[in-house]
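Okay, thanks for coming, everyone. I'll put the structure up first and then we'll walk through it together.

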Amino acid sequence: MDTLNEQQRYAASYNGKHLLVLAGAGTGKTRTIIARAKFLIETGVSPDRILILSFTRKSANEIVERISAELPETKSEGLTGSTFHSWCMSLIKNHPEIFPQASFTLLDEDDQESCFKLICGRHWKYKGLNDRTIKPDAILEVYSYMVNAMCSLSSAIRMKLYDNAPETLDVSKDNDVLKGVISMYLDYKKKKKIY
Ligand SMILES: Nc1ncnc2c1ncn2[C@@H]1O[C@H](COP(=O)(O)OP(=O)(O)O)[C@@H](O)[C@H]1O
Ligand SMILES: [Mg+2]
C-alpha cells in the first residue's frame, strides 16, 4: 500500500461493490490490481473468491504470481487468473443448465483463416479502391472487427482495409468488394455449422 499514490490507494482499499478504474497505459493499473487483491486477502477475503481476468494468459498469470510473491506462502492459494475467453469458455462448459448447447467446437484463429481461404479460393478476385488485392486474412479481420465492434460492414471496411479512413471515404463505391465480402460471410456462416 505504501508504494501507491493516493488514487491507487483509494482504488486498492475501496469498500463498495463496484469500481471501475480507467487510466492510460503505464499509469499503474496493474500495480493497483495487485495491491487490491493483496488488500482483500489480508482483510479476510478468501482467495478463491477473487478472479483475475486479463486479455492474455501471460499477463493474467503474471498478476497472480506477483500477488502470491507479495504474500506469505499459501496465503494466496486458490486465487485464479485467466483470460476473459477461457474463463467464459469454462463457464459455458461447466453450466449446461444455463448454456444448453450441448456440444460445440471453437475455431481458433488458424481455423478461421483456413476457413476463409477455402471460401476465398473459389472466387477470389477482389481489388480494393486503391487497386490493392484484398487477401483472405484482411477479410477475416474486417469480419472480426464488424462482429466485435458491432458496427456496419462499411465502417469495418473503412477501419480495417483503409487504415481508419474518415467517413468521407465512400466505401459503397467498393461495390465488388462489398458484395464479395457479404457472400463470403454467408459462406463462412454455413461452413461454421459443419464444424
Ligand atoms: N505509485 C507508483 N509509484 C512508482 N511507480 C509506480 C507506481 N505505480 C506504478 N508504478 C510503476 O509504473 C510502471 C507501470 O505500472 P503498471 O501498473 O504496469 O501500469 P499499467 O498497468 O497501467 O500499464 C511499473 O513499472 C510500475 O512498477
Ligand atoms: Mg497493466
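I'll go through confidence, domains, the ligand site, a strand pair, and then a few individual residues.

So, first thing to keep in mind: this is a predicted model. How good is the confidence? The protein chain has a mean pLDDT of 87, and 93% of its residues reach 70 or more. If you look along the chain, helix H1, residues 6-12, has the highest confidence, at 97. At the other end of the scale is helix H8, residues 175-194, where the mean is 81, the lowest.

Next, domains. The assignment splits the protein chain into domain 1, covering 6-94, and domain 2, covering 109-194. How far apart are the C-alpha centres of the two domains? They're 37 Å apart.

Now the ligand, which is probably what you want to see. Around ligand 1 you'll find Thr3, Leu4, Asn5 and Gln8, then Ala23, Ala25, Gly26, Thr27 and Gly28, and finally Lys29, Thr30 and Arg31. Which element gives the largest share of that shell? That's helix H2, residues 29-42, with 3 residues. By character, the shell is 7 polar, 3 nonpolar and 2 charged.

Okay, on to the strands. Strand E1, residues 51-54, and strand E2, residues 80-83, run parallel, and 4 bridges join them. To get from E1 to E2, the chain passes through helix H3, residues 57-69, and this β-α-β crossover is right-handed. If you want to trace the pairing residue by residue, isoleucine 52 stands opposite glycine 81 in E2, and serine 54 has threonine 83 as its bridge partner there.

Let's look at the loop between helix H7, 153-160, and H8, since aspartate 163 sits in it. As a reminder, most residues other than glycine have a negative phi. Aspartate 163, though, has a positive phi, near 50°. Asparagine 164 is in the loop between H7 and H8 too, and again phi is positive, about 55°, although this isn't a glycine. Are these two buried or exposed? Aspartate 163 has 8 other C-beta atoms within 10 Å, so it counts as exposed. Asparagine 164 has 9 within 10 Å, so it is exposed as well.

For the cysteine fans: cysteine 115 is in helix H5, residues 109-122. Why is cysteine 115 called partly exposed? Because it has 19 other C-beta atoms within 10 Å, and buried would take 20 or more. Serine 86 is 29 residues from cysteine 115 along the chain, and their C-alpha atoms are separated by 22 Å.

Last one, the start of the chain. Methionine 1 is in the segment before H1. With 11 other C-beta atoms within 10 Å, methionine 1 is exposed. Compare its position with leucine 118: they're 117 residues apart in sequence, and C-alpha to C-alpha the separation is 55 Å.

That's the tour, so let's go back to any part of the picture you'd like to see again.

Technical notes
Residues numbered from 1 in each chain as written. Chains lettered and ligands numbered in written order. Predicted model: local features only at pLDDT ≥ 70, side-chain atom pairs only at ≥ 80, totals over all residues. Near = placed C-beta within 6 Å. Helix = DSSP H or I, 4+ residues; strand = E, 2+ residues; numbered from the N terminus. Nonpolar A, V, L, I, M, F, W, Y, C, P; charged D, E, K, R; others polar. Pairing = 2+ DSSP bridges. Right-handed = clockwise from strand over helix to strand, strands pointing away. Domains from an automatic or database assignment. pLDDT = per-residue confidence, 0-100. Buried ≥ 20, exposed ≤ 12 C-beta atoms within 10 Å, placed from the backbone.
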